[in-house]
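Subject: Structure for you to look at

Dear colleague,

Here is the structure I said I would pass on. Please open it alongside these notes.

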Amino acid sequence: MQSSFFSDHSSSTYPEKVTEAYMQAIRTIDERVTPFLGKATTRVLVQGAARRIAVSYPFLHFLEKMPYTAVNPSVVREQLGGVPHELLAAGLDALLQECFAGLKELTGDLIVPPLHEEITRQLERLP
């Protein structure tokens, strides 16, 4: 997946739109993974992914402690408001890719390939 899914970087609501799209992608992962690995797995995946990318994308550090389910427009404005749009999209994409890497460590190729395909289609449908 690449951060080029979002073509309109000019909008003032761009940070909220792109963040919501990636959080929805993570919620989709959660829905698919929970029956196999339990409810806390996705939260731990996101926290671990945020920790691993923190050096390159320090603006996502808040996800190390805050559950991704608590990310809402006010959190986006507060935590991500000043982040350049291209950097934000790249950071969220890196976060998602790290989630997939962690999931692959847990399940091998059992879940990741079809889920990666589903998430890619989901993100491609967005403006």
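What follows covers the nonpolar core, three helix pairs and a few single residues.

Please keep in mind that this is a predicted model.

The core

The largest nonpolar core consists of 39 residues. Leu-60, Leu-63, Leu-95 and Leu-96 have the most contacts inside it. Two or more residues of this core come from each of α1 (14-37), α2 (40-53), α3 (73-80), α4 (85-107) and α5 (112-124). I looked at one of the well-connected leucines in detail. With neighbours within four places in sequence left aside, Leu-60 is in contact with Ala-50, Ile-53, Leu-80, Gly-91, Leu-92 and Leu-95.

α1 with α2

The axes of α1 and α2 come within 7 Å, and they cross at roughly 130 degrees. These two helices are therefore oblique to each other. On the α1 side the contact is made by Ile-26, Ile-29, Asp-30, Val-33 and Leu-37, and on the α2 side by Thr-41, Thr-42 and Val-46. Sorted by class, the α1 and α2 residues of this contact are 5 nonpolar, 2 polar and 1 charged.

α2 with α4

α2 also packs on α4, at an angle of about 125 degrees and with the axes 8 Å apart. This pair, too, is oblique, because its angle falls in none of the ranges for roughly parallel, roughly antiparallel or roughly perpendicular. The crossing of α2 and α4 is right-handed. From α2, the residues involved are Thr-41, Leu-45, Val-46, Ala-49, Ala-50, Arg-52 and Ile-53. They meet Gly-91, Ala-94, Leu-95, Glu-98, Cys-99, Gly-102, Leu-103 and Leu-106 of α4. The contact of α2 with α4 divides into 10 nonpolar, 3 polar and 2 charged residues. Thr-41 and Val-46 of α2 are listed in the contact with α1 and also in the contact with α4.

Gly-102

One residue of that contact was followed further. Gly-102 lies in helix α4 and has a relative accessible area of 10%, so it is buried. Beyond four places in sequence, the contacts of Gly-102 are with Leu-45 and Arg-52. The C-alpha atom of Gly-102 is separated by 8.1 Å from that of Gly-48, although the two glycines are 54 residues apart along the chain.

α4 with α5

The axes of α4 and α5 come within 10 Å and cross at roughly 160 degrees. An angle over 145 degrees counts as roughly antiparallel, and α4 and α5 are therefore roughly antiparallel to each other. α4 passes α5 in a right-handed crossing. Here α4 contributes Leu-96, Gln-97, Phe-100, Leu-103, Lys-104 and Thr-107, while α5 contributes Val-112, Leu-115, His-116, Ile-119 and Leu-123. By class, the residues between α4 and α5 are 7 nonpolar, 3 polar and 1 charged. Leu-103 of α4 appears in this contact as well as in the contact with α2.

Thr-28

The last residue is a threonine in helix α1, Thr-28. Is Thr-28 buried or exposed? Its relative accessibility is 3%, so Thr-28 counts as buried. Not counting residues up to four places away in sequence, Thr-28 touches Leu-115, Glu-118, Ile-119 and Gln-122. Of these, Leu-115 and Ile-119 are also among the α5 residues that make the contact with α4.

Regards

Terms used. Residues numbered from 1 in each chain as written. Predicted model: local features only at pLDDT ≥ 70, side-chain atom pairs only at ≥ 80, totals over all residues. Heavy atoms only, no water. Core = buried A, V, L, I, M, F, W, Y, C linked by side-chain atoms within 4.5 Å. Buried < 20%, exposed > 50% of the residue type's maximum accessible area, 1.4 Å probe, protein only. Helix = DSSP H or I, 4+ residues; strand = E, 2+ residues; numbered from the N terminus. Contact = heavy atoms within 4.5 Å. Axes fitted to C-alpha atoms, helices over the stretch in contact; angles between N-to-C directions. Parallel < 35°, antiparallel > 145°, perpendicular 65-115°, else oblique. Left-handed = near helix turned anticlockwise from the far one by under 90°. Nonpolar A, V, L, I, M, F, W, Y, C, P; charged D, E, K, R; others polar.
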